[in-house]
Amino acid sequence: MCSKLSNRLIGSGLRLIMRLAMLSLLSVFSAQAQETKSLPEASNPPARKFLATELPAAAAQPETPEKKPGFIRSAIDRYRNNDLPGDLQIHGFVSQAYISTSDNNVFGNSDNGGSFGLTEAGLNASVRPLPRLQLSAQVLSRRAGEGNSGMPRLDYAVLDYRLYSQETNQLGIRVGRIKNPFGFYNETRDVAFTRPSILLPQSIYFDRTRNLGLSSDSVQVYSDLAVSNWGTLSTQFGVSLPIVNDKDTESSLLGGVRPGNLEREVGYIGRGIFETNDKRLRLGVSGIWLNTSYDPNNLLRDPLGPGALQFTPIIFSAQYNAERWTLTSEYAIRSFKYGNNFRNPGLNGLDFVGESYYFQGEYRFTPKIEGILRYDALFIDRSDRSGSQWAAQSPLRQGLEHSRFARDITVGVRWNVTPEFMLRAEFHHVNGTGWLSRLDNPVAKDTEENWNLYAIQASYRF
């Protein structure tokens, strides 16, 4: 009965997203048809709406004549003073974190004297050769434990064409490697300045399957629609091919690194977000229909056998912004269905529904200093929250019940030293190991149920 209810809820969520997208498209065309005198087309796209957490800190006071800017600052100023063709914009960022844990490993050997294993650096560019056309791309280097070596990779590369644009309404299409639109933070999660903390809520934004969740090769239709005098409804819907060619994803979905390969299958993704005109309230719903299959290449080497996997999470998001504080919460149900062709009895025909959520508060003490408090909960199978039923199925699982859940209490502080430079520190008390990377913790029996995590990070952008 639980599984049937979950499937109905997931199906209803996906239908809701598709209806929101259709409503926006129809409303945009209706608004265009009813215009007796069309407004002149804007030469630039509507200004992007930033969250309070994305706004830069108050600009530093002008330096006195005696102070000379540093080499990096001078180079950036010279670059910005040059005229670039086609509205060319070039930006970048770099972040370095130090992480120490009382037990278990996060982004390297953090349980043994700490680790500088989390390094992020990116360079992106965008150009607008035509008023309606924008091209943008980013190359990212991310070193994060065994799952990410730091090898530069194409993070996204997008062709964005606006089919229709008015003062308050627009409709467009994007093609290429695109950031997956789900939740509030996924599309900007690689830039430390746009995250609410060093580690995002792992119940929703898994770092161990980050490449799978971050972007996909897809075609997406998007729209922004003014809803009376209340606010704006933004929708995105696309057809996509997931990125599944990394060890962390394979280990998470198949229980370990296999000699074969995960194959990409066509899936769907969509999101609708309503935001009031005063930017105080944001409400959203996101859905993903992800399909992949496993090809063992050689059945003699890999007895797992070929099989298919379907993953369909639905995410509900809500946020309230005030002058000094922000409250955010997201809730997700995640349906996993494994095909009946797997030879491994632990995966063959497996069908369960996961659940996760978090409550988060941010407070801005000054324009430069803010704090965060969060409770984050993850359950791999919501019908077996303690993991006891799962462990009872095999003697090898005894003592590993904590791998089926994770509860995380986070306290942190952020200091915007300058608009370009930021320092962060945070503490996590975690009960459970449900979101730990299997690659960083290869021996499950060595993991501990209750553990602490300490992290500091320095970030720079230009």
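Glutamate 120 counts as buried, with a relative accessibility of 3%. In this predicted model, glutamate 120 forms a salt bridge with arginine 142, and the closest N and O atoms of the two are 3.4 Å apart. Because glutamate 120 belongs to strand β2 and arginine 142 to strand β3 (residues 133-144), the pair ties together parts that are 22 residues apart in sequence. Arginine 142 also counts as buried, at 7% relative accessibility.

## Salt bridges

Side chains of opposite charge can pair when their charged atoms come close. The structure holds 13 salt bridges, and three of them are set out below.

| Salt bridge | Closest N to O distance |
|---|---|
| Glutamate 120 and arginine 142 | 3.4 Å |
| Arginine 177 and aspartate 217 | 2.8 Å |
| Lysine 179 and aspartate 190 | 3.2 Å |

The bridge between arginine 177 and aspartate 217 ties together parts that are 40 residues apart in sequence, because arginine 177 lies in strand β6 (residues 170-179) and aspartate 217 in strand β7 (residues 215-227). Aspartate 217 is partly exposed, at a relative accessible area of 23%.

Lysine 179 and aspartate 190 meet through their side chains in a further salt bridge. Lysine 179 lies in strand β6, whereas aspartate 190 lies in the loop between β6 and α3 (210-214), so this pair ties together parts 11 residues apart in sequence. Lysine 179 counts as buried at 10% relative accessibility, and aspartate 190 counts as buried at 2%. Elsewhere, salt bridges with shared partners join Glu120, Arg142, Arg189, Arg195 and Asp207 into one network.

## Helix α4

Helix α4 spans residues 247-254 and contains threonine 249. Seven of the eight residues of α4 are buried, and the helix is therefore largely enclosed by the rest of the structure. The buried residues are Asp248, Thr249, Glu250, Ser251, Ser252, Leu253 and Leu254. They pack against several elements: β4 (148-149), α3, β9 (261-264), β11, β12 (307-321) and β13.

Threonine 249 gives a detailed view of this setting. Its relative accessibility is 0%, so threonine 249 counts as buried. When residues up to four places away in sequence are left aside, threonine 249 touches Arg208, Thr209, Leu212, Val244 and Leu262. Just after α4, glycine 255 takes a positive phi of about 80 degrees.

## Aromatic pairs and charges over rings

A search of the whole structure finds 11 aromatic pairs. In one of them, the ring centres of tyrosine 98 and phenylalanine 116 are 4.8 Å apart and the ring planes stand at 50 degrees, so the pair is tilted. This pair links distant parts of the chain: tyrosine 98 is in strand β1 (residues 89-101) and phenylalanine 116 in strand β2 (residues 115-130), 18 residues apart. Tyrosine 98 is partly exposed, with a relative accessible area of 26%, whereas phenylalanine 116 counts as exposed at 51% relative accessibility.

A second pair is formed by tyrosine 363 and phenylalanine 365, whose ring centres lie 5.0 Å apart; their planes are at 70 degrees, so the arrangement is edge-to-face. Tyrosine 363 counts as partly exposed at 34% relative accessibility, and phenylalanine 365 is partly exposed with a relative accessible area of 48%. Ring pairs also link Phe182, Tyr185 and Tyr205 into a cluster.

Arginine side chains lie over two further rings. Arginine 174 lies over the face of tyrosine 222, at 3.8 Å from the ring centre, and arginine 385 lies over the face of phenylalanine 379, at 4.6 Å from the ring centre.

## A nonpolar patch on the surface

Tyrosine 363 and phenylalanine 365 also belong to a nonpolar patch on the surface. Its other members are Leu281, Leu283, Tyr320, Trp325, Leu327, Ile369, Val413 and Trp415. Together, the residues of the patch have about 880 Å² of accessible area.

Which strands each supply at least two residues of the nonpolar patch? They are β11 (281-295), β13 (325-338) and β16 (405-416). Leucine 283, one of the patch residues, lies in strand β11 and is partly exposed, with a relative accessible area of 40%. Strands β11 and β13 thus appear in two settings: each supplies residues to the patch, and both are among the elements against which the buried residues of α4 pack.

How values were computed. Residues are numbered from 1 along each chain as its sequence is written. Side-chain values use heavy atoms; hydrogens and water are left out. Patches are made of residues with over 30% relative accessible area and no salt bridge: like charges are joined within 9 Å, nonpolar side chains (Val, Leu, Ile, Met, Phe, Trp, Tyr) within 5 Å. Accessible areas come from the Shrake-Rupley method with a 1.4 Å probe; for residues, only the protein chains shown count as cover. A salt bridge is a side-chain nitrogen of Lys or Arg within 4 Å of a carboxyl oxygen of Asp or Glu. Helices (H or I, at least four residues) and strands (E, at least two) are DSSP runs, numbered from the N terminus. Buried means under 20% relative accessible area, exposed over 50%, partly exposed in between (1.4 Å probe, protein chains only). Rings of Phe, Tyr and Trp (its six-membered ring) pair if their centres lie within 6.5 Å; planes under 30 degrees apart count as stacked, over 60 as edge-to-face and the rest as tilted. A charge sits over a ring if NZ of Lys or CZ of Arg is within 6 Å of the ring centre and within 35 degrees of the ring normal. Contact means heavy atoms within 4.5 Å.
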